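User: Hey, can you walk me through this one? I'm new to reading structures, so plain words please.
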Amino acid sequence: MKCLSENELEYLERITIKLSEVSIYLQQENFAEYPTKTRYEQFNSLKNLRRILGNIDNDMSFMGCLLMKEFLQAKHEVPDLNMAAKAQGAPGLDLDVLTLDGKRIIGELKTTYPYQQHDFGAQQKVGILNDFSKLHRHNAKYKYFFVTELKAFNILQAKYSQYLNGVQLVLLGNLPLK
């Protein structure tokens, strides 16, 4: 992978600090005793963990963007991409770049884990259909729908193939768990 931008490195450092804080917190808390604690203590344990984690979905999205960057650099002649330049959750396309020879690449990223066994939850469907709509509204040589969950990939292929016309579905970061 090509070098990370300064912004990307800073974002990774913030995630590293967050994970370190989670590790310390989990070591300090005695979760074996969790069921015997008062509801107030149980609530505070979860609240403290949530405070440390912050918006973990944004962190997952950023990591997905770095996987997108690796994919794009391997497949296309693209200029240096700074995946930390756009705020996670900001409106618009998740990816909108030009290749070195001027071809437009657009993409949407979902780090969503499907809520249902064989489909997405209602709100998840709304988000996915909105993303497909964005991809189909724009002209581009390359259109990608990136996902990070194998289950999401399989559901999209099985139940949402009508939306994949002209869009390449890409599964990112699907390595076996250790």
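**Chatting through the fold**

Analyst: Sure, let's begin with two rings: both F71 and F146 are buried, where buried means under 20% relative accessible area, exposed means over 50%, and partly exposed is in between (1.4 Å probe, protein chains only).

User: Before we go on, where do these numbers come from?

Analyst: This is a predicted model, where local features need pLDDT of at least 70 and side-chain atom pairs count only at pLDDT 80 or more, while totals for chains, interfaces and linings use all residues. Residues are numbered from 1 along each chain as its sequence is written, and side-chain values use heavy atoms, with hydrogens and water left out.

User: OK, big picture then. How many helices and strands does the protein have?

Analyst: There are 5 helices and 4 strands. Helices (H or I, at least four residues) and strands (E, at least two) are DSSP runs, numbered from the N terminus. Reading from that end, the order is α-α-α-β-β-α-β-α-β.

User: And what box do the C-alpha atoms fill?

Analyst: Roughly 60 × 40 × 30 Å, taken along the principal axes.

User: What share of the residues is buried?

Analyst: Of the 178 residues, 38% are buried. As for the outside, the protein exposes about 11100 Å², with carbon and sulfur atoms supplying 54% of that. Those areas come from the Shrake-Rupley method with a 1.4 Å probe, and for residues only the protein chains shown count as cover.

User: How many aromatic pairs are there?

Analyst: The count comes to 10 aromatic pairs. Rings of Phe, Tyr and Trp (its six-membered ring) pair if their centres lie within 6.5 Å; planes under 30 degrees apart count as stacked, over 60 as edge-to-face and the rest as tilted.

User: So what kind of pair do F71 and F146 make?

Analyst: Their ring centres are 5.5 Å apart and their planes sit at 80°, so F71 and F146 are edge-to-face. This pair links distant parts of the chain, with F71 in helix α3 and F146 in strand β3 (residues 142–147), 75 residues apart.

User: What about F132 and F145, how are they arranged?

Analyst: F132 and F145 are stacked, at 4.4 Å centre to centre with 15° between the planes. They also link distant parts of the chain: F132 is in helix α4 (residues 122–137) and F145 is in strand β3, 13 residues apart.

User: Are those two buried or exposed?

Analyst: F132 is buried, with a relative accessible area of 1%. F145 is buried as well, at 0%. Both belong to one aromatic cluster, made up of F120, F132, F145, Y160 and Y163.

User: Switching topic: helix α1. What end-to-end distance should it have?

Analyst: Helix α1 covers residues 6–28, and at 1.5 Å a residue its 23 residues should span 33 Å. The expected span is 1.5 Å times one less than the number of residues. The end C-alpha atoms of α1 are 33 Å apart, which agrees.

User: Which residues of α1 are buried, and what covers them?

Analyst: The buried ones are E8, Y11, I15, K18, V22 and Y25. Their cover includes α2 (39–53) and α3 (56–75).

User: And L12, what does L12 touch?

Analyst: L12 is in helix α1 too, and is partly exposed at 22% relative accessible area. Not counting residues up to four places away in sequence, L12 touches L4, F62, M63 and L66. Contact here means heavy atoms within 4.5 Å. L12 and D59 are 47 residues apart in sequence and 8.8 Å apart in space, C-alpha to C-alpha.

User: What does L53 touch over in α2?

Analyst: L53 in helix α2 touches K18, V22 and D59, again leaving out residues up to four places away in sequence. At 24% relative accessibility, L53 counts as partly exposed.

User: Last one: where does S5 sit, and is S5 buried or exposed?

Analyst: S5 is in the segment before α1. S5 is buried, with a relative accessible area of 18%. Leaving aside neighbours within four places in sequence, S5 is in contact with K69 and N82.
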